Each structure stands twice: as C-alpha cells, then as structure tokens.
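Subject: Structure handover

Hello,

Here is the structure I said I would pass on. Please have it open while you read the notes underneath.

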Amino acid sequence: MTAKVTKLFDNIWQQYIAITPSADKIHQLLGNGGDVINDHVAYRTFNIEKVNLEKLASHLLAIGYTECGQYDFAAKKLTAKHFEHSNKTMPKVFISELRVEEFSTEIQTIIHSLVNQLPENIGFQDDFLYSGRCWKLSSTDYNTLLAESEYAAWLAAWGYRANHFTVSINHLDNYDCIVAVNNSLKNAGHVLNNSGGEIKGDKRVKLEQSSTLADTALVEFNDKQVEIPSCFYEFAKRYPLADGELYTGFVASSADKIFESTNAAA
Ligand code: NI
C-alpha cells in the first residue's frame, strides 16, 4: 500500500515542480539534498458531482487514507476535508471544493461550461489527481472568474494538480523552528506570503504555517498565453496534544490566509 502512495505522490510532485521551480530549489535547501517529509498536499475542486471532493478523495481512500476532519470557509465559499494515512510519514491531504451554487449566474455558467467539457468518467481515471487542465478556457472567462474568486480562476487555469506541497518542519534535520526556516528562505531570495502575517497560527492552536507566494507560469488560453500565479510551497510545524501525539488537524483561520498564496503579487 505504501509503495502505491509513494508512486502517486511522486507523479503529483513531478507535475507540481514543472510549474513551481522554486519548490524544487527549496526542497534541496531545506533537505540539504536529502529527502523531505511532506506534512500535507492540498487540492482544489468544484462541488460538481463529476469532479467533486468525494471524487478526488476516492483515489486516497483506495490506498489506505481515511477522512479525519471537516472545515468551512464561509467568505471564500469553500468546504474542505482532510485525509490521513495509517503510515504517518505519508502526507496528509487537504481537499477543498468551491460551493459553485453560491456564486452569480455568470460565474456558475462559466464553471459548468468547463466541467461539461470533461469525460463523464474523469473522476475515476487513475491519473485524475495529476490530470491537469482538460478543458478549454478563454482569458476573458479567466478574468471574469478572477474578479469574483481567485480560487475559481486558479482552478480553471490549472485544473487537477497539487495546489501546494508542505514541508514538515518537525521532520527536518537542520531546523526545528519556523522562524529559522523562513529566514533561510528569505536569505535565499524567496518571497513569503504575508497575508495574516508571515506565520499563521501558534503553539496554542498546535500548528504554525508559512508559505511562499506562488511562482508564476505561462498558461495557454484559447486566445493568448498569459503568465499567472501557479503553485506555492508551504511549511508546517506541529505541536503535541496532551497525549503527546502531534496535532494532525488544520486551523481554518490559518488555512484561510494560506489560500491567498496564489493571489497575484500586488
Ligand atoms: Ni496547506
């Protein structure tokens, strides 16, 4: 089972670094050339049955993951769940889905026109979690989505791929605090997401997180190519609960700000 999980995340990582070269560099930097344990990998989708959270999750449940937490992001109109594997060195997976029906008719029409282009069985295909964008999109529709939901625009442009990977600071050999990690990154020239402060959360909520601002990459729209935010890299330090085990959940107020790592730089 673990070999299947490792293979899946290898494929997802390769697709991710192809448009997030900074993550590959940071992986080398923090891991000192060696391996890095991932705290979690995050996904975005629409709550339309063909591609919803449950479709993404089915690929994880099939390889030993279980559902462990639910979250609501009212302002961003998102519902999320997180999944954990019995092997604690395998990444947790955080999947959110956009509540499409809460948007304007114009936005709903665009989103449905994208999902309608996909084959009916796409959610069941083995490579769904790294299938990328399998719909055509115009730059006009991208900009219409962007005006109402950065999340929707990102998903429309990039499709099914990891939105971010997250380094587990607890498992790094050369670092034990998030401040030191952030300083190393900034010294190497990387830009961090400052929305809600550089470090989201604290020891009290058992989870500290920071992230880079997304790289940018060229996207092919129907009418032209445009350079837009791609993916980012996150860093997480977890603290133990009263029973001595590390907290494994997520903190909604922190995640809410992490989502903004794909906002276009001001
Ligand atoms: Ni995350």
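The notes below start with the chain as a whole, then go through the metal site, the cavity, the pockets and a few single residues.

Overall fold

Please bear in mind that this is a predicted model. The protein chain contains 8 helices and 9 strands. Its radius of gyration is 18 Å, close to the 18 Å that the globule rule gives for 266 residues, so the chain is as compact as a globular protein of that length. The C-alpha trace spans about 50 × 40 × 35 Å along the principal axes. Of the 266 residues, 54% count as buried. Among the contacts with a separation of 6 or more, 68% are between residues 24 or more positions apart.

Nickel site

Three protein residues supply donors to the nickel ion: His40 through NE2, His164 through NE2 and Glu234 through OE, lying 2.0 to 2.1 Å from the ion. Along the chain these donors follow the spacing H-x123-H-x69-E. His164 sits in strand 5 (residues 164–168) and Glu234 in strand 9 (residues 232–238), so this pair, 70 residues apart, links distant parts of the chain. Both His164 and Glu234 are buried.

Cavity

A search of the whole structure turns up 1 cavity of 30 Å³ or more. The largest cavity holds about 120 Å³ of space. It is lined by 15 residues, and the closest to its centre are Ala42, Phe94, His164, Ala255 and Ile258. His164 is therefore a name to look for twice, as a nickel donor and in this lining. Strand 1, strand 4 (92–98), strand 9 and helix 8 (252–258) each supply at least two residues of the cavity lining. The largest share, 4 residues, comes from strand 1. By class, the cavity lining divides into 8 nonpolar, 5 polar and 2 charged residues.

Pockets

The largest pocket has a volume of about 380 Å³. Of its 15 lining residues, Thr6, Asp10, Asp35, Val36 and Asn38 are the closest to the centre. Helix 1 (residues 2–19) gives the most to this lining, with 4 residues. The lining of the largest pocket is made up of 8 nonpolar, 5 polar and 2 charged residues.

The second largest pocket has a volume of about 300 Å³. There are 19 residues in its lining, and those nearest its centre are Lys88, Lys92, His171, Leu246 and Thr248. Strand 1 (38–46) and strand 3 (78–85) each contribute at least two residues to the lining of this pocket. Here the classes are 5 nonpolar, 8 polar and 6 charged.

Helix 6

Helix 6 (residues 150–158) is mostly covered, with 9 of its 9 residues buried. Among these buried residues are Glu150, Tyr151, Trp154 and Trp158. Just after the helix, Gly159 takes a positive phi of about 70°.

Two single residues

Ser96 lies in strand 4. Ser96 is buried, with a relative accessible area of 0%. Apart from its neighbours within four places in sequence, Ser96 is in contact with Tyr43, Arg44, Thr45, Thr79, Ala80, Tyr151 and Phe259. Tyr151 in that list is also one of the buried residues of helix 6.

Asn170 is found in the loop between strand 5 and helix 7 (178–187). At 30% relative accessibility, Asn170 counts as partly exposed. Its contacts, leaving aside neighbours within four places in sequence, are Ala236, Lys237, Arg238 and Leu246. Leu246 also appears among the residues nearest the centre of the second largest pocket. The C-alpha atoms of Asn170 and Ile37 are separated by 8.9 Å, although these two residues are 133 residues apart along the chain.

Regards

Technical notes. Residues are numbered from 1 along each chain as its sequence is written. This is a predicted model: local features need pLDDT of at least 70, side-chain atom pairs count only at pLDDT 80 or more; totals for chains, interfaces and linings use all residues. Side-chain values use heavy atoms; hydrogens and water are left out. On a 1 Å grid over the protein atoms alone, a cavity is a set of points where a 1.4 Å probe fits but cannot get out, and a pocket is an open set with protein on both sides within 12 Å along at least five of seven lines; lining residues have an atom within 4 Å of a point. Grid points are joined across faces, edges and corners, and a volume is the space filled by probe spheres set on the points. Ala, Val, Leu, Ile, Met, Phe, Trp, Tyr, Cys and Pro count as nonpolar, Asp, Glu, Lys and Arg as charged, and the others, Gly among them, as polar. Donors are N, O and S atoms within 2.8 Å of the metal (3.2 Å for Na, K and Ca); water is not among the atoms, so sites may look incomplete. Buried means under 20% relative accessible area, exposed over 50%, partly exposed in between (1.4 Å probe, protein chains only). The radius of gyration is taken over C-alpha atoms; the globule rule is 2.2 Å times the number of residues to the power 0.38. Contact means heavy atoms within 4.5 Å.
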